[in-house]
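Here are a few notes from my pass through this one. Have the viewer open while you read, and take the points in order.

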Amino acid sequence: MKRLLFFILFFSSSAASFAQADSIHVWNKWCARKDTMLLFTLGNNVIQVCSREFKPTEIKLKSLDASLRIGSPEIKGDTLSVLAMPYSNKAKKMRLAILNKKTSKQIKVVEFTCDSIPKPVAQIGKVTGKEISRSNLLAQTAMKAVFPNSLYSYPYSIRQYTFRVSTPKGSAKIPVVGVFITKDVLQQIKDAPVGTVVEFDEIKATCPECAVRTLEDLKIKIK
């Protein structure tokens with residue numbers, strides 16, 4: 001009878017601990033997939049924690065490996081946030097422990113992986129490729145900066161660019177300030193014959209707390 005009572009108490013305690021751990025959600029604010037525990041070398045990483053069981057003031061975060069350093073916690077609403085700095089060269093594991101601040105009891109451990117960041121490139125709206133149909137180009141409204149084949153989603157934005165086109169009827173050079181594809185640019189695309197290559201160059205992009213950087217020229221063939 002005592003043994004049966006022990007097992008009941010043990011499994012009840014284990015089930016409660018699992019339920020608490022499962023109720024805690026952890027993600028990197030600047031990873032495009034919130035269910036992917038991914039940090040970015042030399043990038044901006046903000047680990048965020050939210051729980052149905054605990055208030056953010058009741059949670060403490062602790063790095064378990066030298067390969068992961070975290071900053072001081074900040075609380076906004078029901079979310080606890082810390083800056084994170086991955087050092088994948090120090091160790092393979094990058095584990096973060098979520099603790100009960102009052103008891104120091106470990107509630108959950110999350111293991112992150114690390115990835116590098118490609119250079120941002122310019123993109124016309126939602127379309128990609130070197131050859132794009134005229135109708136698809138005309139349907140786009142703005143330029144955007146993206147990180148190709150990466151989940152890094154730190155908000156880079158286009159500040160300015162220059163549009164260039166040359167056809168048998170003449171050439172045009174249109175400097176644009178801001179992210180939008182202007183009416184003048186759209187008109188040039190509309191008038192250009194199929195097979196014309198339009199170019200976006202002198203593309204300047206920036207992000208919060210970043211210096212302005214020049215992106216690679218973007219050339220698109222109208223089909």
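1. Overall make-up. The secondary structure of the protein consists of 3 helices and 17 strands. Bear in mind that this is a predicted model.

2. Burial and surface. Of the 223 residues in the protein, 38% are buried. The accessible surface adds up to about 13,700 Å², and carbon and sulfur atoms hold 54% of that.

3. Contacts along the chain. Take the contacts with a separation of 6 or more: 58% of them link residues 24 or more positions apart.

4. Strand β7. Now have a look at residues 79-86, which make up strand β7. Buried here means under 20% relative accessible area. By that cut-off 6 of the 8 residues in β7 are buried, so the strand is largely enclosed by the rest of the structure.

5. β7 and β3. Which strand pairs with β7 over 5 bridges? That is β3 (residues 46-51), and the pairing is antiparallel. To find it on screen, start from Cys 50, whose bridge partner in β7 is Thr 79.

6. β7 and β5. Strand β5 (residues 68-70) also runs antiparallel to β7, joined to it by 3 bridges. Here Leu 68 has Pro 86 of β7 as its bridge partner.

7. β7 and β6. Strand β6 (residues 74-76) pairs with β7 through 3 bridges, again in the antiparallel sense. Glu 74 sits opposite Ser 81 of β7. The two strands, β6 and β7, make a hairpin with 2 residues between them. Check Gly 77 in that turn: its phi is positive, at about 65°.

Definitions and conventions. Residues numbered from 1 in each chain as written. Predicted model: local features only at pLDDT ≥ 70, side-chain atom pairs only at ≥ 80, totals over all residues. Heavy atoms only, no water. Helix = DSSP H or I, 4+ residues; strand = E, 2+ residues; numbered from the N terminus. Buried < 20%, exposed > 50% of the residue type's maximum accessible area, 1.4 Å probe, protein only. Contact = heavy atoms within 4.5 Å. Areas by Shrake-Rupley, 256 points an atom, 1.4 Å probe, with all protein chains shown as cover. Pairing = 2+ DSSP bridges.
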